[in-house]
Amino acid sequence: MFINLKISRRILSFGGIFFLLLAGVLAQRWVATSNTPVSKPIEQIKTDQKIMALTINVDWGEEFIPPILDELDKKKAFVTFFVTGRWAKKNPELLKEMFNRGHQIENHGYSHPHPDQLSVGANREEIKKTESIIEGIIGKKTHLYAPPYGEKGVPGLRAADELGYKTILWTLDTVDWRPDSTPEIIIKRIVNPAIRFGIKPNKSGAIVLMHPKANTVKALPVILERLTLEGYIFQPLDKLITYDQSGDTTL
């Protein structure tokens, strides 16, 4: 009885020391990680070339994807689709078609949560799960991440950094998800964007945010036509990013 008690105390003592050492290591890692700066999201590419990137965030609206693809084909315009994992899982054939028609497919998280309300680990899982699903469908990994709701808090940004992703936001927002966004309003927001904070947005190197909506389908051919007449070309984000000679972003 005495021997067993002595052994138990000794085991408990060693266990306590091990726990304290482990806690110390984890605390040091947490402090180091929490103090590590996160990368700034890319909102625009610095370039004097007339090149733009249209991005389309997809978590619903699959019925509008085919007419969007047809309009893009007509103007030989290529875009970047940021899709959620749950959407890709439900629409694998449509995702293949988007990819096979020359468009870039990237990561919009799995379930479209609020990244700022999740831990770094949960955000990491959202991105990794989507990456796996997309790669399984089109055979190519994602490396760009558009956070749902455009949230840019530390948890989402750090998760993207840890996975080697660049976080993408936008320069010009169509706000096409709102019921009062008519085709005419959507067109104006991109072709002739309003002055903000006393500055006229620069369309060169701009990243445009869109969604698969009925009014977006109506506005898209006009946007493409008018900007093409101004000399702009539309390329996926990977190509637009190569025009940034400085490596910096315009925020």
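Aromatic pairs in this predicted model number zero under the rule that the ring centres of Phe, Tyr and Trp (its six-membered ring) lie within 6.5 Å, with planes under 30 degrees apart counted as stacked, over 60 as edge-to-face and the rest as tilted. A charge does sit over a ring: Lys129 lies over the face of Tyr110, at 3.9 Å from the ring centre. The criterion here is NZ of Lys or CZ of Arg within 6 Å of the ring centre and within 35 degrees of the ring normal. Local features were restricted to pLDDT of at least 70 and side-chain atom pairs to pLDDT 80 or more, while totals for chains, interfaces and linings use all residues. Residues are numbered from 1 along each chain as its sequence is written, and side-chain values use heavy atoms, with hydrogens and water left out.

The protein chain comprises nine helices and eight strands, taken as DSSP runs (H or I of at least four residues for helices, E of at least two for strands) and numbered from the N terminus. Of its 251 residues, 44% are buried, where buried means under 20% relative accessible area, exposed over 50% and partly exposed in between, for a 1.4 Å probe and protein chains only. Among contacts (heavy atoms within 4.5 Å) between residues at least 6 apart in sequence, 78% join residues at least 24 apart.

Strand β1 (residues 51–58) has eight of its eight residues buried, so it is largely enclosed by the rest of the structure. In a regular strand the side chains alternate between the two faces of the sheet. In β1, Ile51, Ala53, Thr55 and Asn57 point one way and Met52, Leu54, Ile56 and Val58 the other. Strand pairing requires at least two DSSP bridges. By this criterion β1 runs parallel to β8 (residues 233–234), with two bridges, and Met52 has Phe234 as its bridge partner in β8. Four bridges join β1 to strand β2 (residues 80–83), again in the parallel sense, and Val58 is partnered with Val83. Between β1 and β2 the chain passes through helix α2 (residues 65–74) in a right-handed β-α-β crossover, that is, one whose path from the first strand over the helix to the second runs clockwise with the strands pointing away from the viewer.

Strand β7 (residues 207–210) is joined to β1 by four bridges and runs parallel to it. Thr55 stands opposite Leu209, and Ile56 has Met210 as its bridge partner. On β7, Ile207 and Leu209 point one way and Val208 and Met210 the other, all of them buried. Strand β6 (residues 172–173) is also parallel to β7, over two bridges, with Asp173 partnered with Leu209. The connection from β6 to β7 runs through helix α7 (residues 183–191), and this β-α-β crossover is right-handed.

Nonpolar cores were defined as sets of buried Ala, Val, Leu, Ile, Met, Phe, Trp, Tyr and Cys residues joined through side-chain atoms within 4.5 Å. The largest has 39 residues, and those with the most contacts inside it are Phe81, Val83, Leu95, Met98 and Ile223. Helix α8 (residues 214–229) gives the most to this core, with six residues. Not counting residues up to four places away in sequence, Ile223 touches Ile186, Ile187, Ile190, Val191 and Met210. Another core, apart from the largest, has twelve residues, including Ile45, Phe82, Leu144 and Ile168.

Asn107, in strand β3 (residues 104–107), is buried, with a relative accessible area of 0%. Beyond its neighbours within four places in sequence, contacts of Asn107 include Phe82, Val83, Leu144 and Tyr165. Pro113 lies in the loop between β3 and α5 (120–138) and is buried at 18%. Outside its neighbours within four places, Pro113 is in contact with Leu118, Glu126, Pro148 and Tyr149. The C-alpha atoms of Pro113 and Asn123, ten residues apart in sequence, are 9.0 Å apart.

Most residues other than glycine have a negative phi, and most peptide bonds are trans. Tyr149 has a positive phi of about 65°; Tyr149 is located in the loop between β4 (144–145) and α6 (154–162) and is partly exposed at 46% relative accessibility. Val175, in the loop between β6 and α7, has a positive phi of about 50° and is buried, at 16%. Gly164, just after α6, takes a positive phi of about 80°.
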